[in-house]
Number of protein chains: 2
Amino acid sequence: MVYKVIQWGTGAMGSGMVKMMLDKPNYFKIVGGYKRREVKPKTDLGAVLGLGQKIGAYVFNDPAEALNRKADIVLHTTDSFTKNIYKELIAIAESGKNCITIAEEMSYPWAKEPQLAKKIDKAFIANGVTCLGTGVNPGFILDLVIVTLTGAMLSVDKIEAQRINDLSPFGDTVMKTQGVGTTPEQFQRGIEDGTIVGHIGFPESITMIANSLGWKLSEIRQTREPIISKVHRETPVVKVQPGMVAGCRHVGVGYVDGQPRITLVHPQQVHPHLEKVETGDYIKITGDPSINVSNVPELPGGKGTIAVTVNMIPHVVKAEPGLKTMLDLPVPSALMG
Amino acid sequence: MVYKVIQWGTGAMGSGMVKMMLDKPNYFKIVGGYKRREVKPKTDLGAVLGLGQKIGAYVFNDPAEALNRKADIVLHTTDSFTKNIYKELIAIAESGKNCITIAEEMSYPWAKEPQLAKKIDKAFIANGVTCLGTGVNPGFILDLVIVTLTGAMLSVDKIEAQRINDLSPFGDTVMKTQGVGTTPEQFQRGIEDGTIVGHIGFPESITMIANSLGWKLSEIRQTREPIISKVHRETPVVKVQPGMVAGCRHVGVGYVDGQPRITLVHPQQVHPHLEKVETGDYIKITGDPSINVSNVPELPGGKGTIAVTVNMIPHVVKAEPGLKTMLDLPVPSALMG
């Protein structure tokens, strides 16, 4: 089966997904696109994405026009928050199309937006189609992979996982939301006024893990601390002098009966190797038996999100109607046939 | 929901599963057992398993009698080969019960027994129930986990994975089938006459991985070589002098278009640390991006198999009817609620 896909969002993630799908014509055909900013009529999606080739599919600024194509699924890549995309998701459901969104909150919307989650679930069921939220994190490395590993354990006492990554390849927006290049005082103010956010997804990953294990969370606590650089660090978009902030160390802790049971640590910074920090994903699960997994270097965030999203398409199209998570569906595999 | 379970097989694995389920009365209730060797009428399953406590469920030597209980699922732990258990699986299907078997070949029976797989699938569909083959390996660490990791990749070139484990805790049967304590000459003869078998499951894991990626296998090659000890190694059941065989290094390679694409290496021996061999599971997937996962020490085989089997029960009971693999169902999680 060749899946007909509408690409909803034309940023770095959407562009990467289109490129991946163009490389796999046995699996995918792009039939249209949606762009938040205005676009001239009859613009080819390839032109908007700067691919240097025509795709043979138009990109629209009007959701209704974009959804007027015949398609199996919409890949939705425009936002992080459920409330911002709720109406778009409902429109996708009502057009009778399946959907995968990389909005971080949608990886487990019951964590922060249970009312909207219920409505989204209903709309997709009513139209006989499926919606999945995913991405590399949340959606894969610090939740799906952790849960899978617990599946080989008789009992679990405590989960501690770290994702240490390098932000150097990212653009200006990421640097700002992580506070890279600020002074410690500016960082503190950014946290207070909400312009520096750190990672989005800890409540979702922690709730997903807890629910799958049958643990009742009493509380989720999050802290965001500046990673103060001892050395000069520099990328094409930011300069960090010694004493300034190279990134944000974001920690999320899930408590069960007042005890910390799920601790997720995500220090994100530019050029961590300059202070001999090795990037990687580290999962330590204490229990019977204990598990101690490392992935070095870390699974790259951009490529990982692109791949997980595209590789989940067959499972989502085949799934029962409704709002699903990565824990409801079979695992993805790289589609190489 | 409390799942009613019949335990089919009373060896180390079956016994471990019963113990695990007794610890989780919110999830499981044992309603009966089957034992291959004769057993007195009205024998409690707990007595047969040496648990030192009554379970309140009888164990039978007659399959029909065992299946005469009302139950949601049968955990089947008596054999490694599909052809040896085919009739038992059909009887379980015809009794209207779901089944999980740890027979290694059943983790992907289409690899070696496609005709029987088809018949088993049909029988379970006809009776509206589900059959799953699983275990720690095959079924989890060298297939499900590998496939899951490829799900975060744009493309895969090559898969190389090693599972280095310690056989020291195992009994006499395992030592014999792995050739532990033989001379190199005896090992060679054992391989030739089939008494030394190494690992069972490479064709299953390799075919499972290849099919999920869409790769067409041209060939699977297996080699089994003696691990000759340089030092004295000893367990309660076997002694290995320097120059004798401490275990079997079993390698399975899946070829695609004549190229080795999937290489699984499984050196199994007693006391590997005496020659400074670190046990662990190591998964290296070359592609875009490449992935490099270690789990140190290795996931223990016995506990891993027990846990994966029991933790999959809810998914199997809920699944659509038919013969399934670990790639068809959602991932397991430790059941701790």
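This dialogue reads the interface, the salt bridges and two loop residues of a predicted two-chain model.

User: Where should a reading of the contact between chain A and chain B begin, and how many residues of each chain are in contact?

Analyst: A reading can begin with residue counts and then turn to area. In this predicted model, 46 residues of chain A are in contact with 46 residues of chain B. The area buried between chain A and chain B is about 3600 Å², and carbon and sulfur atoms give 63% of that area. Of the area that chain A buries against chain B, A:L154, A:V331 and A:M336 supply 16%, more than any other three residues.

User: How many residue pairs are in polar contact between chain A and chain B, and which elements of chain A each supply at least two residues of the side that touches chain B?

Analyst: Polar pairs and secondary structure give two further views of the interface. Counting pairs in which both residues are at pLDDT 80 or more, there are 23 residue pairs in polar contact between chain A and chain B. On the side of chain A that touches chain B, at least two residues each come from α6 (144-150), β8 (155-166), α9 (202-213), β15 (291-295) and α10 (301-311) of chain A. The largest share of that side, 6 residues, is supplied by α10(A). By residue class, the side of chain A that touches chain B divides into 29 nonpolar, 13 polar and 4 charged residues.

User: In which sense, parallel or antiparallel, do β15(A) and β15 of chain B pair?

Analyst: For strands, one looks at the sense of the pairing and then at individual bridge partners. Strand β15(A) and strand β15 (residues 291-295) of chain B pair in the antiparallel sense, over 3 bridges. Within this pairing, A:S294 has B:S294 in β15(B) as its bridge partner.

User: How many salt bridges are found across the interface of chain A and chain B, and how many does the structure hold over all chains?

Analyst: A salt bridge is assigned when a side-chain nitrogen of Lys or Arg lies within 4 Å of a carboxyl oxygen of Asp or Glu. By this rule there are 2 salt bridges across the interface of chain A and chain B, while the structure holds 12 over all chains. One salt bridge between the chains joins the side chains of A:D288 and B:K303, with an N to O distance of 2.5 Å.

User: Where do A:K176 and A:D172 lie relative to one another in helix α7 of chain A, and are they exposed or buried?

Analyst: Such a pair is read by its separation along the helix and by the accessibility of each partner. The side chains of A:K176 and A:D172 meet in a salt bridge at 3.0 Å, N to O. Because A:K176 and A:D172 are 4 residues apart in helix α7 (residues 172-178) of chain A, they are separated by about one helical turn. A:K176 counts as exposed at 56% relative accessibility, whereas A:D172, with a relative accessible area of 39%, is partly exposed. In chain B, B:K176 forms a salt bridge with B:D172, the closest N and O atoms being 3.0 Å apart, and both residues lie in helix α7 (residues 172-178) of chain B, 4 residues apart. There B:K176 is exposed, with a relative accessible area of 56%, and B:D172 counts as partly exposed at 38% relative accessibility.

User: Which parts of chain B does the pair of B:D79 and B:R36 link?

Analyst: Here the positions in the chain are read together with accessibility. B:D79 forms a salt bridge with B:R36, the closest N and O atoms being 3.4 Å apart. This pair links distant parts of the chain, 43 residues apart: B:D79 is in the loop between β5 (73-76) and α4 (82-94) of chain B, and B:R36 is in the loop between β2 (28-34) and β3 (43-44) of chain B. B:D79 counts as buried at 17% relative accessibility, while B:R36 counts as partly exposed at 42%.

User: Are the loop residues B:I102 and A:T182 buried or exposed, and what do they touch?

Analyst: Buried means under 20% relative accessible area. B:I102, in the loop between β6 (98-101) and α5 (114-126) of chain B, has a relative accessible area of 13% and is therefore buried. Leaving aside neighbours within four places in sequence, B:I102 is in contact with residues including B:M13, B:M17, B:D79 and B:T305. The C-alpha atoms of B:I102 and B:T305 are separated by 7.8 Å, although these residues are 203 residues apart along the chain. A:T182, found in the loop between α7 and α8 (184-193) of chain A, is buried at a relative accessible area of 15%. A polar atom of the A:T182 side chain lies 2.8 Å from the backbone oxygen of A:G179. Not counting residues up to four places away in sequence, A:T182 touches A:F187, A:I196, A:M244 and A:V245.

Key. Residues numbered from 1 in each chain as written. Chains lettered and ligands numbered in written order. Predicted model: local features only at pLDDT ≥ 70, side-chain atom pairs only at ≥ 80, totals over all residues. Heavy atoms only, no water. Contact = heavy atoms within 4.5 Å. Buried area = accessible area lost by both parts, 1.4 Å probe. Polar contact = N/O pair within 3.5 Å; in protein donor to acceptor, adjacent residues only side chain to side chain. Nonpolar A, V, L, I, M, F, W, Y, C, P; charged D, E, K, R; others polar. Pairing = 2+ DSSP bridges. Buried < 20%, exposed > 50% of the residue type's maximum accessible area, 1.4 Å probe, protein only.
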